[in-house]
Amino acid sequence: MNQNNTINIRAIRNKKSIKKDLSLQPKNIHDQYYQESDDSEDEKVLSKIGRLQTKKYKDKDFIGYDENLNKIQKKKQFQDTIDEFINKTENKDWWRVVRDELNNQDVVLNDKQLQVLDRIRKGKTAIKLADDYYFEHEDFNQFDLLSSYNPKRRFLPSKWERIKINKLVQGIKLGRIVLNPPQKVEKMFDIWENVAEDQVLNKYLPARIPASKAQLPTNVSSYNPPEEYLFNEQEKQQWLQTDPEDREIPFIPQKFKHLRNVPSSEQLTKDLFNRCLDLYLAPRIRRKKLMMKSTDFLPEIPKPEELKPFPTKLNFEFGQIDTTKSGQVKQISISQDGQILGVCYEFAIAFFDTKTSKCLYTKWQIANKQFLGLDFSQSGLICILQSNGFIILNSYIDKRQHPNIEDGQNANKQIPKNSNNVFDWNFELDDNVFQQLLDVKMPYDPLYVQFHTKSDYLVSTQPHTHVKSHCILVHCISKSSTSIPFQNMKASTEVQQTIFHPTKPELYIMTNKNIFIYSLTKQQLLKKLLAGNQQNSTIAIHPYGDNLIVGSNDQKVCWFDLDMGKTPFKKMSYHKNGVRRVIFHKSYPLFASCSDDGTINIFHCRISTDLSQAPIILPLKVLKQKKKESVIDITFHPTQPWIYSASKEGVVSLWT
């Protein structure tokens with residue numbers, strides 16, 4: 001029988017003893033049961049709320065009712081972690097305290113309870129006395145009923161374990177398996193650190209991204225706008241009929257005499273909401289600043305010494321003829337083998353030997369006519385422009401150098417003399433050097449001429465003609481004929497210069513502001529280049545045929561890459577006066593330009609066969625005349641890195 005529910009037998013016989021024994025019993029039998037019981041489910045519960053959820057009393061100052069229907073008040077807890085931290089520093093036994101959420105109280109564990117918890121965490125029994133009931137046999141196989149011996153494989157090391165261990169060792173050596181990898185530690189910072197607030201924000205927080213700026217008000221938004229901003233009835237009706245998204249102004253302008261008369265805006269809330277949407281949906285980009293110098297963005301430019309050879313100094317000057325009779329220099333040109341240099345004066349043509357600077361031949365003009373220019377062909381013919389036509393001279397003794405002249409003479413004999421032909425061709429065959437072979441007469445003065453690479457065709461430019469279709473003429477020597485390729489040319493077109501393409505059947509026509517590329521086979525316009533200059537003065541094509549340069553009287557030089565587009569690839573302005581001539585070298589990566597300011601600029605131009613790479617243009621040298629005379633014309637030596645120049649006073653110089 002239970003001691004709590006029974007009464008001593010001896011006490012039954014004596015009533016006095018019964019009262020004494022009853023006085024010794026606890027007033028509440030259940031309390032005595034909870035004190036002696038070891039079952040965790042029989043722990044004493046103060047709050048008698050049954051299965052009711054404790055969330056019901058979350059917002060109240062008590063946790064429930066006891067068995068006498070009295071409210072059980074909540075105990076005050078720590079307000080924040082700082083109070084809890086302070087309590088831990090003051091209370092040494094804070095680690096023994098366990099929170100009992102059911103009874104809303106803190107339970108302090110004693111040493112015996114901590115020992116029980118430690119044994120449970122180690123996987124042992126809660127009570128130490130229970131270990132006495134377990135025992136182990138030292139040799140279990142001693143009483144084996146089968147009396148069989150252990151097999152040999154039980155005494156040998158496992159083969160599969162060895163293979164597995166080898167794989168693990170190999171993975172550790174190769175780095176696939178990392179032992180004790182470093183753990184990522186979160187960076188913590190002290191909020192009580194004695195630093196400024198801005199330094200903390202800049203040190204630990206991301207960079208601030210400024211908000212997009214709102215559109216500033218204009219005169220239309222004024223309370224007293226000008227009269228031209230106010231709507232009339234028609235504009236007001238039109239504004240009301242249009243969709244709100246298509247309106248230029250989101251409100252109707254009104255005029256008030258004083259600012260105090262302005263009422264509150266009806267769209268204030270909507271405007272604030274739209275502004276919030278703009279701030280929320282505005283795209284923001286965080287750009288990182290690179291600590292770089294301005295010179296780091298420039299490409300690596302080689303030194304001029306690495307780009308040699310190119311002309312750097314004045315070598316000598318050619319002997320001058322009588323300038324009072326010859327006049328100013330018009331143009332200079334050099335033969336294809338580089339042996340003869342031709343200088344065109346106003347009233348004379350002089351040919352010099354490039355090796356000795358000796359004057360080989362001088363041709364004077366007759367009957368007050370002027371020489372206008374000259375050009376050498378591949379076969380050695382010399383075309384000299386003069387008033388009302390041009391003549392062709394021979395620079396070699398052998399006739400076999402010029403088979404086109406004989407073919408042209410035979411073709412000229414078949415033309416009837418009474419035909420109405422404006423161009424008169426007269427052949428005079430001579431075997432002597434610098435003797436006249438052909439004389440062509442025209443009703444106007446040509447200013448520029450160029451031979452084709454085959455030496456059979458040449459194109460002449462006559463800007464000052466009454467008939468605009470005759471400003472460009474193509475002459476064929478073997479057929480003894482002159483053709484007019486452009487019959488319908490506009491009267492406003494002012495042609496300055498015309499040249500052949502070095503490899504293709506194309507004609508480049510330079511006007512005051514544009515360059516036209518014309519196909520001779522298809523007889524149509526291929527491309528129009530926009531230079532953007534006030535007045536173009538000269539043009540030159542690279543020997544490869546994919547690039548060209550244009551000089552202008554407004555001190556600019558434009559480089560065109562025909563594969564890139566219609567506009568200049570690069571514009572350069574380094575001359576102080578108008579540009580007279582631009583030329584390319586035929587065998588070296590050089591080009592030059594001369595101007596009225598008395599300077600010759602030498603450039604390095606490297607053009608790659610790869611279309612993805614842009615041309616490289618680098619300045620090399622600036623050659624200056626002694627007296628700062630105007631440089632009229634320049635030409636490169638065909639095989640050497642030399643350049644010839646002619647000044648306005650008739651001085652012809654060689655720069656090497």
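## Asn 388 and Ser 455

Asn 388 is partly exposed, with 36% of relative accessible area, in a model that is predicted. This residue sits in the loop that connects β11 (381-386) with β12 (389-394), and its phi is positive, at about 60°, although Asn 388 is not a glycine.

Ser 455 can be read alongside it, since this residue also has a positive phi, here of about 65°, without being a glycine. Ser 455 belongs to the loop between β15 (448-451) and β16 (457-461), and with a relative accessibility of 2% Ser 455 counts as buried, because the limit for that class is under 20% relative accessible area.

## Two hairpins early in the chain

Strand β1, which covers residues 62-65, and strand β2, which covers residues 71-73, run antiparallel and are joined by three bridges. Within this pairing, Phe 62 of the one strand stands opposite Gln 73 in β2. The two strands make a hairpin in which five residues lie between them, and in that turn Leu 69 has a positive phi of about 65°.

A second hairpin is built from β3 and β4, with four residues between the strands and with Asn 104 in the turn showing a positive phi of about 60°. Here β3 (residues 97-100) and β4 (residues 105-108) pair in the antiparallel sense, and four bridges hold the record of that pairing. Val 97 stands opposite Val 108, the latter being a residue of β4.

## The sheet that contains β5

An open sheet is formed by four strands, which follow one another in the order β5-β33-β32-β31 with antiparallel pairing. At its edges lie β5 (314-317) and β31 (631-636), each of which pairs on one side only. On average, neighbouring strands in this sheet are turned by 25° against each other when direction is ignored.

The partner of β5 is β33, a strand of residues 652-655, and the two pair in the antiparallel sense over three bridges. One position can be followed in detail, for Glu 317 stands opposite Ser 653 in β33. In the loop between α9 (268-281) and β5 lies Pro 309, and the peptide bond that leads from Lys 308 to Pro 309 is cis, with omega near 15°.

## The sheet from β19 to β22

Another open sheet of four strands has the order β19-β20-β21-β22, and its pairing is antiparallel. Its edge strands are β19 (495-500) and β22 (524-530), and each of these pairs on one side only. Between neighbouring strands of this sheet the average turn is 20°, again with direction ignored.

Inside the sheet, β20 (residues 506-511) and β21 (residues 514-519) pair in the antiparallel sense over five bridges. Met 510 has Ile 515, in β21, as its bridge partner. As a general point for reading such sheets, the side chains of a regular strand alternate between the two faces of the sheet.

## Buried residues and the search for disulfides

Ser 333 is found in strand β6, which spans residues 329-334. Its relative accessible area is 8%, and Ser 333 is therefore buried. Between the C-alpha atoms of Ser 333 and Phe 376 the distance in space is 6.8 Å, while the two residues are 43 residues apart in sequence.

How many disulfides does a search of the whole structure find? The search of the whole structure finds zero disulfides, a disulfide being a covalent bond between the sulfur atoms of two cysteines. Among the cysteines, Cys 558 has a relative accessibility of 0% and so counts as buried, and Cys 605 is likewise buried, with a relative accessible area of 2%.

## The largest pocket

Where empty space is left can be shown by rolling a probe the size of a water molecule over the atoms. The largest pocket has a volume of about 1,400 Å³.

Which residues lie nearest the centre of the largest pocket? Of the 32 residues that line the pocket, those nearest its centre are Pro 250, Phe 251, Ser 265, Gln 267 and Asp 271. Sorted by class, the lining comprises 16 nonpolar, nine polar and seven charged residues.

Terms used:
Residues numbered from 1 in each chain as written. Predicted model: local features only at pLDDT ≥ 70, side-chain atom pairs only at ≥ 80, totals over all residues. Heavy atoms only, no water. 1 Å grid on protein atoms, 1.4 Å probe; cavity = no way out; pocket = protein on both sides within 12 Å on 5 of 7 lines; lining within 4 Å. Points joined across faces, edges and corners; volume = space filled by probe spheres on them. Nonpolar A, V, L, I, M, F, W, Y, C, P; charged D, E, K, R; others polar. Pairing = 2+ DSSP bridges. Axes fitted to C-alpha atoms, helices over the stretch in contact; angles between N-to-C directions. Disulfide = S-S within 2.5 Å. Buried < 20%, exposed > 50% of the residue type's maximum accessible area, 1.4 Å probe, protein only.
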